[in-house]
Amino acid sequence: MFFETSEEFEQELEVYIKKMQTILIKQKSFLNGIYKSLIESYEEGFEITQDEIETNFAGQYYFSEYELRMLAQEKSDLASKFINNEM
């Protein structure tokens, strides 16, 4: 793609991001099932770290940071608290 101005590029990027957000919102119920099974596997008191999130959420299931934040919203489990407060 070639853009004459940075404004054209920014407009195109904004359209792309909105389309991606729409796709993710439509997939939220599917992704929620995977996310729920992951968070239920942690015992109370387990220490969640950035490495744990990257290995077991992002690395294994390819969750993006945006998806993790979307799925962790309004949840109070250990992993969601970490995602909401530390990422």
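Reader: Which residues form the nonpolar patch on the surface?

Author: Keep in mind that this is a predicted model. For a patch, you look for nonpolar side chains within 5 Å of each other, with over 30% relative accessible area and no salt bridge. Here the nonpolar patch is made of Phe-9, Leu-13, Tyr-16, Ile-17, Met-20 and Ile-23, and together they offer about 540 Å² of accessible area.

Reader: Let's take one of them. Where is Ile-17 found, and is Ile-17 buried or exposed, or something in between?

Author: Ile-17 sits in helix H1, which covers residues 6–26. Buried means under 20% relative accessible area and exposed means over 50%, with partly exposed in between. Ile-17 comes out at 39%, so Ile-17 counts as partly exposed.

Reader: On to charges. How many salt bridges does a search of the whole structure find?

Author: The idea is to look for a side-chain nitrogen of Lys or Arg within 4 Å of a carboxyl oxygen of Asp or Glu. That search turns up three salt bridges in the whole structure. One of them joins Glu-14 and Lys-18, whose closest N and O atoms are 3.9 Å apart.

Reader: Where do Glu-14 and Lys-18 lie?

Author: Both belong to helix H1, and they are four residues apart, about one turn of the helix. Glu-14 has a relative accessible area of 47%, so Glu-14 is partly exposed. Lys-18 is partly exposed too, at 49%.

Reader: Which residue does Lys-36 form a salt bridge with?

Author: Lys-36 pairs with Glu-40, and the closest N and O atoms are 4.0 Å apart. Check the accessibility of each partner separately: Lys-36 is partly exposed at 48%, while Glu-40 is exposed at 53%.

Reader: And which side chain does Glu-65 meet in a salt bridge?

Author: The partner is Arg-69, with 2.6 Å from N to O. Glu-65 and Arg-69 are about one helical turn from each other, because they are four residues apart in helix H4. Glu-65 has 42% relative accessible area and is partly exposed; Arg-69, at 36%, also counts as partly exposed.

Reader: Now helix packing. At roughly what angle do the axes of H2 and H4 cross?

Author: Start from the angle: 65 to 115 degrees counts as roughly perpendicular. The axes of helix H2 (residues 28–39) and helix H4 (residues 65–72) come within 10 Å and cross at roughly 85°. That is why H2 and H4 are described as roughly perpendicular to each other. On the H2 side, the contact is made by Lys-28, Leu-31, Asn-32 and Tyr-35, and on the H4 side by Glu-67, Leu-68, Met-70, Leu-71 and Ala-72.

Reader: Which residues in H4 are buried, and what covers them?

Author: Glu-67, Leu-68, Met-70, Leu-71 and Ala-72 are buried in H4. Their cover includes H1, H2, helix H3 (50–61) and helix H5 (78–86).

Reader: What happens to the backbone just after H4?

Author: Look at the phi angle there. Glu-74 takes a positive phi of about 60°.

Reader: Back to H2 for a moment. Is Phe-30 buried or exposed?

Author: Phe-30 lies in helix H2. At 58% relative accessibility, Phe-30 counts as exposed. You can also use Phe-30 for a distance check: its C-alpha atom is separated by 24 Å from that of Asp-51, and the two residues are 21 residues apart along the chain.

Key: Residues are numbered from 1 along each chain as its sequence is written. This is a predicted model: local features need pLDDT of at least 70, side-chain atom pairs count only at pLDDT 80 or more; totals for chains, interfaces and linings use all residues. Side-chain values use heavy atoms; hydrogens and water are left out. Patches are made of residues with over 30% relative accessible area and no salt bridge: like charges are joined within 9 Å, nonpolar side chains (Val, Leu, Ile, Met, Phe, Trp, Tyr) within 5 Å. Accessible areas come from the Shrake-Rupley method with a 1.4 Å probe; for residues, only the protein chains shown count as cover. Helices (H or I, at least four residues) and strands (E, at least two) are DSSP runs, numbered from the N terminus. Buried means under 20% relative accessible area, exposed over 50%, partly exposed in between (1.4 Å probe, protein chains only). Axes are lines fitted to C-alpha atoms, for helices over the stretch in contact, and angles run from 0 to 180 degrees between N-to-C directions. Angles under 35 degrees count as roughly parallel, over 145 as roughly antiparallel, 65 to 115 as roughly perpendicular and the rest as oblique. Contact means heavy atoms within 4.5 Å.
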